[in-house]
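Work through the exercises below with the coordinates open. Try each task before reading its solution.

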Amino acid sequence: MIELEGVPELVDPVMVAAFEGWNDAGDAASTAVAHLDKEWKGQVFAALDAEDYYDFQVNRPTVWLEDGVRKVTWPTTRLSVVRIGGDKPRDLVLVRGIEPSMRWRSFCNEILGFAHELGVELVVILGALLGDTPHTRPVPVSGVTSDADLATRMDLEETKYEGPTGIVGILQEACTHAGVPAVSLWAAVPHYVSQPPNPKATLALLNRLEDLIDLRIPLGELPEDARAWQLGVDQLAAEDSEVAEYVQSLEEARDTAELPEASGEAIAREFERYLRRRDPGAPPSGHATDGGDGSPYLRDNPSGRPRPPKPPRPESDEGDE
């Protein structure tokens, strides 16, 4: 039994989780949860025992000084809670840590124990993978679930993935078997520019999370960071003709694949999403769906991803669904 002292009764709580490692290309997912924690001043109420789940030769502790005293920070997973008021109050339980090295079933059971004690109604797990997607286009974000009824109700894909998986996939299946509604949101990060940070992918995940849980998220400097990131990658690509040619091929494949979506119905859906995000009476320029210069690149689009030929010099990394 998990005893939670000092944690108030929560209002319609949703658990949002992300884990550094294989499921976190460009650190996009873990940065998204860190952003929520920072903007809403989350209060940490629990941390899993690092000895139970981590190999310290893989994820090493760090030593630091505070007032001349040496202290150690151990790699672990922490849980915090944020209270969100307003006209439609809803609280979040944030789970942020590192993909465990061992005992994954016990790890998931411990997180589910917290979810049960706190009355969590939905678990949303954020992930990011490497894909054949151009950095110049909206970041594809797919929402998947193992629950057929939940897929229909929330307009999600029922996962059909088969193959190696990470803690995101394991936690989602654990939630399903425990009867806890769970969704995974996956952002596709360009594999030719995989190094963190990737604020554009983080922004796309937060946009999709907004839609999913019907909660406006303060974005701070993320839109500007995403714009600066894209301009920086544009400049790097322009300096290498082979990379520029490859990016152009990705753009053409992406645009061709999305032509059927350029319908009146699709445009209406996108406009409805924009209106849901916009504060009443507030200009839209500070929000995630506006690029500031009229460009739509900060909008997410969860359409399929084309797979053109591999680039001449890709950076190596891994991801999974």
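The exercises go from the whole chain to single strands and residues.

**Ground rules**

This is a predicted model, in which local features need pLDDT of at least 70 and side-chain atom pairs count only at pLDDT 80 or more, while totals for chains, interfaces and linings use all residues. Residues are numbered from 1 along each chain as its sequence is written, and side-chain values use heavy atoms, with hydrogens and water left out.

**Exercise 1. Judge the confidence of the model.**

Solution.
- Step 1: take the mean. The protein chain averages a pLDDT of 82; pLDDT is the predictor's confidence in each residue, from 0 to 100.
- Step 2: take the fraction. 79% of the residues score at least 70.
- Step 3: find the weak stretch. Residues 280-321 have a pLDDT below 50, yet this stretch has 105 contacts in the model beyond near neighbours in sequence. A contact means heavy atoms within 4.5 Å.
- Step 4: draw the consequence. Where pLDDT is low, predicted coordinates should not be read in detail.

**Exercise 2. Summarise the chain in global numbers.**

Solution.
- Step 1: count elements. There are 9 helices and 10 strands in the protein chain. Helices (H or I, at least four residues) and strands (E, at least two) are DSSP runs, numbered from the N terminus.
- Step 2: check burial. Of 321 residues, 49% count as buried. Buried means under 20% relative accessible area, exposed over 50%, partly exposed in between (1.4 Å probe, protein chains only).
- Step 3: check the surface. About 16200 Å² is exposed, and carbon and sulfur atoms supply 50% of it. Areas come from the Shrake-Rupley method with a 1.4 Å probe; for residues, only the protein chains shown count as cover.
- Step 4: check contact range. Among contacts with a separation of 6 or more, 80% join residues 24 or more positions apart.

**Exercise 3. In what order do the 8 strands of the open sheet stand?**

Solution.
- Step 1: fix the criterion. Two strands pair if DSSP finds at least two bridges between them.
- Step 2: start at S2 (residues 43-47). S2 and S5 run antiparallel, joined by 4 bridges. Gln-43 stands opposite Val-81.
- Step 3: move on to S6 (residues 92-98). S5 and S6 are antiparallel over 5 bridges, and Val-81 has Val-93 as its bridge partner there.
- Step 4: follow S7. S1 and S7 are parallel over 4 bridges, with Met-15 bridged to Val-123. S7 and S10 are parallel too, over 9 bridges; Leu-129 faces Ala-188 in that pair.
- Step 5: add S8. S8 and S10 are antiparallel over 4 bridges, and Gly-143 partners Leu-185.
- Step 6: write the order. It reads S2-S5-S6-S1-S7-S10-S8-S9, with mixed pairing.
- Step 7: mark the edges. S2 and S9 (157-158) each have a single partner strand, so one side of each lacks a neighbour in the sheet.

**Exercise 4. Is Val-82 buried or exposed?**

Solution.
- Step 1: place the residue. Val-82 lies in strand S5. In S5 (residues 78-82), 4 of the 5 residues are buried, so the strand is largely enclosed by the rest of the structure.
- Step 2: read the value. Val-82 has a relative accessible area of 1%, so it is buried.
- Step 3: list the neighbours. Leaving out residues up to four places away in sequence, Val-82 touches partners including Leu-36, Trp-40 and Leu-94.
- Step 4: compare distances. Asp-37 is 45 residues away from Val-82 in sequence, but 7.3 Å away C-alpha to C-alpha.

**Exercise 5. Trace the packing around S7 and H5.**

Solution.
- Step 1: take S7. 10 of its 10 residues are buried. Leu-122 and Val-124 are among those on one side, Val-123 and Ile-125 among those on the other.
- Step 2: take helix H5 (residues 167-177). Its buried residues include Ile-167, Leu-171 and Cys-175.
- Step 3: name the packing partners. The buried residues of H5 pack against S1 (14-20), H3 (104-118), S7 (122-131), S8 (141-145) and S10 (182-190).
- Step 4: leave the helix. Gly-179, just after H5, has a positive phi of about 80°.

**Exercise 6. Describe the S3-S4 hairpin.**

Solution.
- Step 1: pair the strands. S3 and S4 (residues 69-73) run antiparallel with 5 bridges. Leu-65 is bridged to Arg-70.
- Step 2: inspect the turn. 2 residues separate the strands, and Asp-67 in the turn has a positive phi of about 55°.
- Step 3: check Val-63. Val-63 sits in S3 (residues 62-66) and counts as exposed, at 51% relative accessibility.
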